[in-house]
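Biologist: Hi, have you got a minute to walk me through this one? I'd like to start with a small detail and work outwards.

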Amino acid sequence: DGEVHMNELKNGNTEMFWNPTSEVRRQRLKRHIVLFEEQMDFESERLWQHVTSAINKGDQHKATQEKFVLEEEQRNAARERRESGTEWKPLLFQHDAGTNEWRYKYEDLRPWDPLNDIAQFEKDGILQTMERHLSTRMSNHKATCINNQITRHKRSAKDCRRRKTSDQPSNHSQNTESSCSTPESVQELSDDDGKYLGFESLCAQCGKEMNHLKEIHSAVLSLQKAQQDIHR
């Protein structure tokens, strides 16, 4: 977002190559970084702070010296590991023997699915995708729970009717309200009729899934607000 000039060495003329407008400067994205005092020794901003400072001051000689110091420390550390037989195990990268390249362990190369993928975020160096299918899985699980309860209810009702038939109750007992009385239309009930059967309470897993969905919903609202702020 700054001016860029081209200098012609032959005649010493200077030409404006890029001069951003105030509108361009206002649209610059905000940097989100970890506070310097909270960074560990090998995080880039802290590790290269002296090189960066020299570059900002226009001192190319000092920047080169500081860069050499860092690289020499890294060479010495690698030499010590080699001599002691210590294997270097990166946390986030793995070596691909086929291409002889280092690749990010958690890379996700599948195409973005706008119908299922909500947002991508980073946590502890690991890129993750928040997906929408959790709500579908939770709904399916809830439906399965209700269906299982309805099936048990039907079985209990069938056993009850079988006992009635085998016991051949007297007229008096037939006129008395039975604790096994069940509507014959139970088999026609849908999933939405769970409340009629008293199944409105969720199982433990359903409850966990519901809480998880609430957390995701809150996160999505926060992301949407951030996007609106960025657009403004």
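Modeller: Happy to! Let's start at Glu71, which is partly exposed, with a relative accessible area of 23%. Keep in mind that this is a predicted model.

Biologist: Okay, which residue forms a salt bridge with Glu71?

Modeller: That's Lys67, and the closest N and O atoms of the two are 2.5 Å apart. Lys67 is partly exposed too, at 37% relative accessibility.

Biologist: And where do Lys67 and Glu71 lie?

Modeller: Both sit in helix 4, four residues apart, so about one turn of the helix separates them. Oppositely charged side chains can pair when their charged atoms come close.

Biologist: Which residues do salt bridges with shared partners join into one network?

Modeller: I'll come to that after one other pair. Asp117 and Arg110 meet through their side chains in a salt bridge, 2.9 Å from N to O. As for the network, salt bridges that share partners link Lys67, Glu71, Glu72 and Arg75.

Biologist: Back to the Asp117 pair, then. Is Asp117 buried or exposed?

Modeller: Asp117 is buried, with a relative accessible area of 3%. Its partner Arg110 is partly exposed, at 36%.

Biologist: Nice. Which side chain does Glu66 meet in a salt bridge?

Modeller: The side chain of Lys62, at 3.1 Å from N to O. Glu66 and Lys62 are both in helix 4, which covers residues 60–84, and they are four residues apart, about one turn of the helix.

Biologist: Is Glu66 buried or exposed?

Modeller: Glu66 counts as buried because its relative accessibility is 17%, and the cut-off for buried is under 20%. Lys62 counts as partly exposed, at 37%.

Biologist: What does Glu66 touch, leaving out residues up to four places away in sequence?

Modeller: Glu66 touches His50 and Val51.

Biologist: How many salt bridges does the structure hold?

Modeller: Eleven. The ones we've gone through include Lys67 with Glu71, Glu66 with Lys62 and Asp117 with Arg110.

Biologist: Let's change topic to pockets. What volume does the largest pocket have?

Modeller: About 940 Å³. There are 22 residues lining this pocket, and those closest to its centre are Phe42, Glu43, Leu47, Trp88 and Leu91.

Biologist: Which helix gives the most to the lining?

Modeller: Helix 4, with six residues. Helix 2, residues 44–47, is also a contributor: helix 2 and helix 4 each supply at least two residues of the lining.

Biologist: Helix 4 keeps coming up! Can we look at the strands now? In which sense do strand 3 and strand 4 pair?

Modeller: They pair in the antiparallel sense, over four bridges; strand 3 is residues 93–96 and strand 4 is residues 101–104. If you want one position to look at, Gln94 has Arg103 in strand 4 as its bridge partner.

Biologist: And what lies between these two strands?

Modeller: Strand 3 and strand 4 form a hairpin with four residues between them, and Asn100 is in the turn.

Biologist: What is phi of Asn100?

Modeller: It's near 55°, a positive value in a residue other than glycine. Most residues other than glycine have a negative phi. Asn100 is exposed, with a relative accessible area of 58%.

Biologist: How many bridges join strand 5 to strand 6?

Modeller: Six bridges, and the two strands run antiparallel; strand 5 is residues 117–123 and strand 6 is residues 126–131. Ala119 has Met130 in strand 6 as its bridge partner. The hairpin of strand 5 and strand 6 has two residues between the strands, and Asp124 takes a positive phi near 55° there.

Biologist: Great, now zoom out for me. How many helices and strands are there in the protein chain?

Modeller: Seven helices and six strands. Running from the N terminus, the order is β-β-α-α-α-α-β-β-β-β-α-α-α.

Biologist: What share of the residues of the protein chain count as buried?

Modeller: 12% of the 232 residues. The chain exposes about 19,600 Å², and carbon and sulfur atoms supply 51% of that area.

Biologist: One more on contacts: with a separation of 6 or more, what share comes from residues 24 or more positions apart?

Modeller: Those account for 29% of such contacts in the protein chain.

Biologist: Perfect, thanks for the tour!

Methods:
Residues numbered from 1 in each chain as written. Predicted model: local features only at pLDDT ≥ 70, side-chain atom pairs only at ≥ 80, totals over all residues. Heavy atoms only, no water. Pairing = 2+ DSSP bridges. Buried < 20%, exposed > 50% of the residue type's maximum accessible area, 1.4 Å probe, protein only. Contact = heavy atoms within 4.5 Å. Areas by Shrake-Rupley, 256 points an atom, 1.4 Å probe, with all protein chains shown as cover. Salt bridge = Lys/Arg side-chain N within 4 Å of Asp/Glu carboxyl O. 1 Å grid on protein atoms, 1.4 Å probe; cavity = no way out; pocket = protein on both sides within 12 Å on 5 of 7 lines; lining within 4 Å. Points joined across faces, edges and corners; volume = space filled by probe spheres on them.
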